[in-house]
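Let's take a walk through this fold, strand by strand and then ring by ring. Keep the viewer open as you read.

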Amino acid sequence: MASGVKPRVKVAKSAAAGETITIKTLISHKMESGQRKDSDGNTIPRSIINRFTCDFNGENVIDVAMEPAISTNPYFEFDATVPEAGTFTFTWYDDDGDVYEETKDIAIG
């Protein structure tokens, strides 16, 4: 994992079957657009999280393509319906090929 990149996810620990819950995600990432120059006048290479996905028990919940204009430390908040107990898998894809993943389990109760 690249230095300073840290995903954070907030998911309820349990929900009623069929309940819609709110999920919050944040990943610490500098999101360099590739358009700025360093102190020597050289272009700083583009380095952004270009895609974010969330799956629940293997089924896609959300799939977001990101462009260079996205802010530093991208934050997503979205709703998901929980049909059964299981695992949310959150995946962020970096331009440099790095993939960051976080999982959260949710129980029915």
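Which residue in S3 does arginine 8 stand opposite? Arginine 8 faces leucine 26 there. Bear in mind that everything below comes from a predicted model.

## The three-stranded sheet

That pairing belongs to an open sheet of three strands, ordered S1-S3-S6, with antiparallel pairing. Strand S1 (6–10) and S6 sit at the edges with a single partner strand each, so one side of each has no neighbour in the sheet. From one strand to the next, the twist averages 25°.

As for S1 and S3, five bridges hold the two in antiparallel register. A bit of background helps when you look at the backbone here: strands of a sheet pair through backbone hydrogen bonds, either parallel or antiparallel.

## The five-stranded sheet

There's a second open sheet, this one with five strands in the order S2-S8-S7-S4-S5 and mixed pairing. Its edge strands are strand S2 (14–15) and S5, each of which pairs on one side only.

Let's zoom in on S4. On one hand, S4 pairs with strand S7 (residues 86–94) in the antiparallel sense, over seven bridges. Phenylalanine 56 stands opposite phenylalanine 88 in S7. On the other hand, S4 runs antiparallel to strand S5 (residues 59–65), and six bridges join them. Cysteine 54 has isoleucine 62 in S5 as its bridge partner. The hairpin of S4 and S5 has two residues between the strands, and asparagine 57 takes a positive phi near 50° in that hairpin.

Over in S8 (residues 99–108) you'll find alanine 107. Is alanine 107 buried or exposed? Neither, as it turns out: alanine 107 is partly exposed, because its relative accessible area of 35% falls between the 20% and 50% cut-offs. Not counting residues up to four places away in sequence, alanine 107 touches Lys13, Ser14, Ala15 and Ala85. Valine 82 is 25 residues from alanine 107 in sequence, and their C-alpha atoms are 9.3 Å apart in space.

## The nonpolar core

Now for the inside. The largest nonpolar core has 25 residues, and Ile23, Phe52, Phe88 and Phe90 touch the most other members. At least two residues of this core come from each of S3, S4, S5, strand S6 (75–82), S7 and S8.

## Aromatic pairs and a charge over a ring

The count of aromatic pairs comes to five. One of them is the stacked pair of phenylalanine 52 and phenylalanine 76, with 5.2 Å centre to centre and 5° between the planes. Phenylalanine 52 lies in strand S4 and phenylalanine 76 in strand S6, so this pair ties together parts that are 24 residues apart in sequence. Phenylalanine 52 counts as buried at 0% relative accessibility, and phenylalanine 76 counts as buried at 15%.

Which residues form one aromatic cluster? Phe52, Phe76, Phe78 and Trp92 do. If you're after a charge over a ring, check arginine 51, which lies over the face of tyrosine 93 at 5.1 Å from the ring centre.

## The loop between S3 and S4

The loop between strand S3 (19–28) and strand S4 (49–56) is where serine 47 has its place. Methionine 31 lies in the loop between S3 and S4 too. Are loop residues like these exposed or buried? Methionine 31 is buried, with a relative accessible area of 6%, and serine 47 counts as buried at 13%.Leaving aside neighbours within four places in sequence, serine 47 is in contact with His29, Lys30, Met31, Glu32, Asp94 and Asp95. With residues up to four places away left out, methionine 31 touches Ser47, Ile48, Ile49, Ile70, Ser71, Thr72, Asn73 and Pro74. How far is methionine 31 from valine 9, going by their C-alpha atoms? The separation is 19 Å, for two residues that are 22 residues apart along the chain.

Key. Residues numbered from 1 in each chain as written. Predicted model: local features only at pLDDT ≥ 70, side-chain atom pairs only at ≥ 80, totals over all residues. Heavy atoms only, no water. Helix = DSSP H or I, 4+ residues; strand = E, 2+ residues; numbered from the N terminus. Buried < 20%, exposed > 50% of the residue type's maximum accessible area, 1.4 Å probe, protein only. Contact = heavy atoms within 4.5 Å. Pairing = 2+ DSSP bridges. Core = buried A, V, L, I, M, F, W, Y, C linked by side-chain atoms within 4.5 Å. Axes fitted to C-alpha atoms, helices over the stretch in contact; angles between N-to-C directions. Phe/Tyr/Trp six-rings, centres within 6.5 Å; stacked < 30°, edge-to-face > 60°. Lys NZ or Arg CZ within 6 Å of the ring centre and 35° of its normal.
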